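Visitor: Please choose one part of this model and take me through it slowly, explaining each term as it comes up.

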Amino acid sequence: MLRIAALAVRFDPPVSGLPKILTPDGSAEWALQQILLKRERAIAESETRRDEHLNAGEGFYAPVGGEVTLAGEVAFSGLQDVELILSALPWVCSHVKDKGIEHGIRSWLEIQGDL
C-alpha cells in the first residue's frame, strides 16, 4: 500500500478519488497499525538476532551443496515485518499531512539504524 501511494503522488495532475488506503496518510496509518512489536521489543529482537548470527556455529548455516530440511512451516518474524514496513515508509513520509501519523513514522524511522 505504501509503494502504491508513493506512485500515486507522482502523477501530475494528481489522481483524484483514490481510496483512503492509497493516499500517503491512509497507507502510512495502515502500515503503522500492521507493526505488532513495540519499538523496544524490535530493538531487543534485532540485538538477539545479531548476537545469534555473530556467535553461530556450523549448524546455523545451510550446508553448501547439501540438502536443506526445514522443520515446520516457515513464517516471517515480527521483526522481519517491521523491517519490510520501515523500508517503505520513507516513500510516503514527506507527503503525509497528519502530524500524528508523521510523528509515528518518524519515531520508527529513528530506530531503523538500530535494527
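Guide: Let us begin with Arg41, which is partly exposed, with a relative accessible area of 49%; buried here means under 20% relative accessible area, exposed means over 50%, and partly exposed lies in between, with a 1.4 Å probe and protein chains only. What you see is a predicted model, in which local features need pLDDT of at least 70 and side-chain atom pairs count only at pLDDT 80 or more, while totals for chains, interfaces and linings use all residues. Residues are numbered from 1 along each chain as its sequence is written, and side-chain values use heavy atoms, with hydrogens and water left out.

Side chains of opposite charge can pair when their charged atoms come close. Arg41 does this with Glu45 in a salt bridge whose closest N and O atoms are 3.1 Å apart, the term standing for a side-chain nitrogen of Lys or Arg within 4 Å of a carboxyl oxygen of Asp or Glu. Arg41 and Glu45 are four residues apart in helix 3, and they are therefore separated by about one helical turn; helices (H or I, at least four residues) and strands (E, at least two) are DSSP runs, numbered from the N terminus. An α-helix has 3.6 residues a turn, so residues three or four places apart point the same way. Glu45, at 22% relative accessibility, also counts as partly exposed.

Further along the helix, the side chain of Arg49 meets that of Glu83 in a salt bridge, at 2.5 Å from N to O. Because Glu83 lies in helix 4 (residues 78–88) and Arg49 in helix 3, this pair ties together parts that are 34 residues apart in sequence. Glu83 is partly exposed, with a relative accessible area of 25%, and Arg49 is partly exposed as well, at 34%. In total the structure holds five salt bridges.

Helix 3 also packs against another helix, and two packed helices are described by the angle between their axes and the distance between the axes. The axes of helix 3 (residues 39–54) and helix 6 (residues 99–111) come within 11 Å and cross at roughly 20°; such axes are lines fitted to C-alpha atoms, for helices over the stretch in contact, and angles run from 0 to 180 degrees between N-to-C directions. Helix 3 and helix 6 are therefore roughly parallel to each other, as angles under 35 degrees count as roughly parallel, over 145 as roughly antiparallel, 65 to 115 as roughly perpendicular and the rest as oblique. Their crossing is right-handed, the near helix being turned clockwise from the far one by less than a right angle, whereas anticlockwise would be left-handed. On the side of helix 3 the contact (heavy atoms within 4.5 Å) is made by Arg39, Ala42 and Ile43, and on the side of helix 6 by Ser107, Trp108 and Ile111. By class, this contact has four nonpolar residues, one polar and one charged, where Ala, Val, Leu, Ile, Met, Phe, Trp, Tyr, Cys and Pro count as nonpolar, Asp, Glu, Lys and Arg as charged, and the others, Gly among them, as polar.

Helix 6, the partner, has a charged pair too: Lys99 forms a salt bridge with Glu102, the closest N and O atoms being 3.5 Å apart. Lys99 counts as exposed at 62% relative accessibility, whereas Glu102 counts as buried at 16%. Salt bridges that share partners join Lys99, Glu102 and Arg106 into one network.
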